[in-house]
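Student: I have this structure open and have not looked at it before. Could you walk me through how its parts touch each other?

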Amino acid sequence: MQNNFTHTLSVVVANKPGVLARIAHVFARRGFNIDSLVVSSSMEGNVSRMTITALGDPANLYQIIEQVKKLVDVIHCTDHTGEDVVVKEMALVKVHVGPAARTEVLQVADHFGAESVDMTESSMILMAVGDSDKLEAMLKLLRKFKVVELCRTGKVLMARGELPT
Amino acid sequence: MTKTSWDGAQILVKSLEAQGIEYMFGIPGGATIPIFDALVTTGTKIKFVLTRHEQAATHMADGYARATGRPAAVLVTSGPGATNTVTGIMTAHIDSVPMIVVSGQAATHMLGKDAFQEADIYGMTMPIVKHSYLIHDTNHIPRIVREAFHIATTGRPGPVLIDVPKDISMAPFVGDPLAAMELPGYNPEAPAPDPATIQAIADALLRARKPIILIGHGVIISDACTAIRTLAEKIHAPVTSTLLGKGGFPESHALSLGMLGMHGTAYANKAMVEADLILNFGSRFDDRILGVPARFGRDAVKIHVDIDPAEIGKMLKPEIVCLGDARQVAEALLKVVGNPDTGAWIKHINALKKDFPLHYRRTGGLKMQHIIEELYTLTGGKAVVATDVGQHQMWTAQYWKVDRRNDWLSSGGAGTMGFGLPAAIGAQFGRRKDLVVSVSGDGGFQMTMPDFATACNHKLPIKAIVLNNSYLGMVRQWQELFYADRKSGVDLEGNPDFAKIAEAYGALGLRIKRAADVRKVLTRALEYDSGPCIIDVQVHKEQNVFPMVPAGKALEDMILEPRPRRGRPPVAARKK
Ligand SMILES: Cc1ncc(C[n+]2csc(CCOP(=O)(O)OP(=O)(O)O)c2C)c(N)n1
Ligand SMILES: [Mg+2]
């Protein structure tokens, strides 16, 4: 009787080798699937920030967070699910589209504030940034064209206002 | 550490020495030759003990740590040397035992290229270490060793692995031998007990009529023993312990119920079922004591005191949670507890003890319990006891009353066969003056038997008792009880004569076959002081351990008595 939903965690880690593998182990062992994972540098040089979105049962997630916090190189780990945070991601979409349909694709892109970052006779790459919902909506509209490649960065997150993430 | 012209291997040895490491157990190999050489060239005080197998080396370090409270180190070579430590690391990890494992590794530029004896031990052990290092720079060695010790011994202790590529140990060291630790993510200090929570526990205790204190390994690790004893006496509550909590509260004390759980005493399990308050200090509510988590202490106020936040709520949802060090919490609690009215409860507990005692029949063959009881009588219980895993372990846990912390060494969470003998060896290295006994089964003893040589070489006066039932007894018991006695893969035919094994090493070998000889032979073993001895005790082959809470059942489903043997179905193999 699992009560699965998507959680967004932010993990601040000492920038040491192996730390990602250790965190991944904790998730894998408890049957949590990591949907997206973004590792990036932070303000301080030897500290990295990870944003993890994962699908699973909240009670189990509590355990996972505690286990992740226990890792020596993890400085902190917070679940931001349901909090007032800014969550964004970026997508690159390659569409096979000739001159005939190009205008329509560009209209869609324009509506969602996406940019076309590459264009050939037969293809186009769009870059979209925003909430996951917005990206999903755009992709849905693009589906009527020939989408051949999709690459998403995964979510990054930051708490609003003065709250630290 | 003033000299500055060390190489990596030498600074490694000097750094380990600076941390107070007394013993290092292991076996050399190509990747560690520089480190072994450094043991000579640095003139270190660390004593290296050559073992016969790396697994045994880890259990020796483990036994040393459990018996002294101080960590020891393990030094092994790369590849198979390192992988042979995996069982020992896992055993220490799950039982929260501090240990430093140093493994040699292929040279850095060969990593990931299937070099000779290259094994990614750093990757392989990730889930079973508290932390680990693969050294990338010789100059990092002192910091890493300092960190490794700090991590292994503080908070909830555990093993730390340091993997040292050969080029790293051979390169010159030009760093700072006193380099400070860099552990921004590691905060082992237990939070000070929260006064409101302490008061809430005290209030709950005051309301309780049938409180019980449950102690786990945390009590021993934090040395909360005196505080727990004072607390139990003050509130007049019985105390039961997990397998690893034995010794946290004197088991010869009138308030002790001994061990609870799967093979715990009937009175401990019954008391647990009836209690209206369960005060758990430093036990992780392991499945071997809970039975069915949802049915454990259903009507009781459950209070969980633990240093590790990840343990809280892992197995069950306690009514009160107190994060902190067991000792600090017990001491804080002592200041505020009142006197709950437990008179009727204690009376009832005493009746349970009388009505459901541990018992066995002395007739009908030699029983393991008899050996343990007799040894207890002969030694007054003053010994460090290391057990192996199986039936003999459970009977030893039942019949050997441990009164002091660090006198009981048993692989609990892992249940690692082969643990007993090397753990006893490690313990004897750490406690030269104390009597050290290992109690093993004939199966597990043979898993690390070659390291009897290590005990011989160092003339350690260990009494290695082999309770020999010619079976993998505990598995045979499950097959008898739950699989219609279909014996499968449990017959230890071809066992050697263990007394002769001792003789082959030039040690004393003794044998017990009859109940009448028990006292005489054990006395002889206890008097013998010039080295180790093996006592091969040929016991009843098909005895079963009771009480027993079958796996997947609740404590109240405990089976008290063996069923009559007359009704036993025939052995499957004989049917045809
Ligand atoms: C390394 C390892 N392998 C297998 C087991 C499973 N196991 C648990 S108890 C047991 C039987 C132990 O037999 P023995 O050492 O003779 O002790 P006895 O139960 O007969 O007292 C086995 C095989 C284990 N715990 N550890
Ligand atoms: Mg046996």
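Tutor: Across the interface of domain 1 of chain A and domain 2 of chain A, one residue pair is in polar contact, with both residues at pLDDT 80 or more; a polar contact is a pair of N or O atoms within 3.5 Å, where within protein one must be able to donate a hydrogen and the other to accept it, and residues adjacent in sequence count only if both atoms are side-chain atoms. This is a predicted model, in which local features need pLDDT of at least 70 and side-chain atom pairs count only at pLDDT 80 or more, while totals for chains, interfaces and linings use all residues. Residues are numbered from 1 along each chain as its sequence is written, chains are lettered from A and ligands numbered from 1 in the order in which they are written, and side-chain values use heavy atoms, with hydrogens and water left out.

Student: Which strands of chain A each supply at least two residues of the side of domain 1 that touches domain 2?

Tutor: They are β1 (5–14), β2 (33–41) and β3 (47–56) of chain A, where strands are DSSP runs of E with at least two residues and helices are runs of H or I with at least four, numbered from the N terminus. The largest share of that side, three residues, comes from β2(A).

Student: And where do the two domains of chain A begin and end?

Tutor: Domain 1 covers 5–79 and domain 2 covers 86–158, with bounds that come from an automatic or database domain assignment.

Student: Switching to chain B, how many residue pairs are in polar contact between domain 1 and domain 3?

Tutor: Between domain 1 of chain B and domain 3 of chain B there are eight such pairs, both residues being at pLDDT 80 or more. Of the elements giving residues to the side of domain 1 that touches domain 3, α3(B) has the largest share, ten residues.

Student: What about salt bridges between domain 1 and domain 3 of chain B?

Tutor: The count there is zero, taking a salt bridge as a side-chain nitrogen of Lys or Arg within 4 Å of a carboxyl oxygen of Asp or Glu.

Student: Last topic, then: which residues come nearest to ligand 1?

Tutor: Of the 19 residues around ligand 1 (each with a heavy atom within 4 Å of the ligand), B:Q391, B:G415, B:D442, B:G444 and B:G473 come nearest. A polar side-chain atom of B:D442 lies 2.8 Å from an oxygen atom of ligand 1, and a backbone N or O atom of B:M474 lies 2.9 Å from an oxygen atom of the ligand.
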